[in-house]
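This report goes through one protein chain, from its overall make-up to single residues. Please keep the sequence and the structure in view while reading.

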Amino acid sequence: MATGLQVFGQPASTDVARVLTCLFEKNLEFDLVRIDTFKKQHKLPEFIKLRDPSGQVTFKHGEKTLVDPRAICRYLCTQFPNQGNKSLYGTGSLERASIEQWLQAEAQNFNPPSSALVFQLAFAPYLNIPQDFAAIAENERKLQQVLNVYDEILSKNEYLAGDEFTLADLSHLPDSQYIVDTERGRKLFTSRKNVARWFDTISRRKAWEQVVKMQMEHPGAFE
């Protein structure tokens, strides 16, 4: 039984959302400590000031403290292999190697342009910050190249790393959801048949729906 799991951050942060989704997939009990003191001071949270929608997440389990969301997800899957979704991090060395390749691809190729688009398309309008249309166009171009590769892979597989939902898919959810929820960003996904099918499937998972509900109830950055 997992005890003493704590997450510090705001559900609106994409990094926090990534960790929360993993916790729900693993059916683990945890405490979420919302860092929202900015409300009392009527200031923007630091991750918005820095124009970084990933925000900051801190995870504590006893004496252990982690701050990288992907490392936190790996830790949860290896520390609690028999709880909740047992195949989230693969059930064998080959599966895990494939998942690791996709986690690296998400962090290095998908996240940079998608994170920029999350800020420009989803956050900036709500915060009355002028959108940088040159940056939007440049990052759309970069993300299109990534999604073209994904679409080809997903024509053969149900999910990125095979026929099971894994951390490879989960790690894409936070940025993807913010982008798809915008009119301009949605087309990047819906114009690609296999990517559209994949996102529709993973975004309907109960774990992710719980996170979206938390974001709507406690939007953090937009309160």
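How many helices and strands does the secondary structure of the chain come to? The count is eleven helices and four strands. The coordinates are those of a predicted model. Of the 223 residues in the chain, 52% are buried. Taking contacts between residues at least 6 apart in sequence, 73% join residues that are at least 24 apart.

**Confidence**

The chain has a mean pLDDT of 89, and 87% of its residues reach 70 or more. Over residues 37–53, however, pLDDT stays under 50. The model has 32 contacts beyond four places in sequence for this stretch. Where pLDDT is low, predicted coordinates should not be read in detail.

**The sheet**

The sheet is open and has four strands in the order β2-β1-β3-β4, with mixed pairing. The edges are taken by β2 (31–34) and β4, each of which has a single partner strand, so one side of each is left without a neighbour in the sheet. On average, and with direction ignored, neighbouring strands are turned by 20° against each other.

Strand β1 (5–9) pairs with β2 in the parallel sense over four bridges. With β3 (58–61), β1 runs antiparallel, and four bridges join the two. The residue pairs below stand opposite each other across these pairings.

| Residue in β1 | Opposite residue | Strand of the opposite residue |
|---|---|---|
| V7 | L32 | β2 |
| F8 | V33 | β2 |
| Q6 | K60 | β3 |

Which side chains of β1 are buried and which are not? L5, V7 and G9 point to one face and are buried, while Q6 and F8 point to the other face and are not. In a regular strand, side chains alternate between the two faces of the sheet.

From β1 the chain crosses through α1 to β2, and this β-α-β crossover is right-handed.

**Helix α1 and L23**

L23 is located in helix α1. Is L23 buried or exposed? L23 counts as buried because its relative accessibility is 0%, and the cut-off for buried is under 20%. Leaving out residues up to four places away in sequence, L23 touches L5, V7, L28, F30 and L76. L5 and V7 are among the buried side chains of β1. L76 is 53 residues from L23 in sequence, yet their C-alpha atoms are 7.5 Å apart in space.

**Helix α4**

L76 is also one of the buried residues of α4, alongside P69, R70, I72, C73, Y75 and C77. These buried residues pack against β1, α1 (14–25), β3, β4 (64–66), α5 and α7 (167–170). Helix α4 packs on the sheet, where it touches β1, β3 and β4, and the direction of α4 makes about 25° with that of β3. At the start of α4, the backbone nitrogen of R70 has a side-chain oxygen of D68 within 3.1 Å.

**G90, between α4 and α5**

G90 sits in the loop between α4 (69–79) and α5 (93–126). Why does G90 count as buried? Its relative accessible area is 8%, which is under the 20% cut-off and therefore buried. Not counting residues up to four places away in sequence, G90 touches E95, R96 and I99. A161 is 71 residues away from G90 along the chain, and the C-alpha atoms of the two are separated by 9.3 Å.

**S203, between α10 and α11**

Where is S203 found? S203 is in the loop between α10 (193–202) and α11 (206–217). With a relative accessibility of 15%, S203 also counts as buried. The side chain of S203 reaches the backbone oxygen of F199 at 2.7 Å. The backbone oxygen of D200 lies 3.3 Å from a polar atom of that S203 side chain. Setting aside neighbours within four places in sequence, S203 is in contact with L173, Q177, W208 and E209.

Key
Residues are numbered from 1 along each chain as its sequence is written. This is a predicted model: local features need pLDDT of at least 70, side-chain atom pairs count only at pLDDT 80 or more; totals for chains, interfaces and linings use all residues. Side-chain values use heavy atoms; hydrogens and water are left out. Buried means under 20% relative accessible area, exposed over 50%, partly exposed in between (1.4 Å probe, protein chains only). Contact means heavy atoms within 4.5 Å. A polar contact is a pair of N or O atoms within 3.5 Å; within protein, one must be able to donate a hydrogen and the other to accept it, and residues adjacent in sequence count only if both atoms are side-chain atoms. Two strands pair if DSSP finds at least two bridges between them. Axes are lines fitted to C-alpha atoms, for helices over the stretch in contact, and angles run from 0 to 180 degrees between N-to-C directions. pLDDT is the predictor's confidence in each residue, from 0 to 100. A crossover is right-handed if, with the strands pointing away from the viewer, the path from the first strand over the helix to the second runs clockwise.
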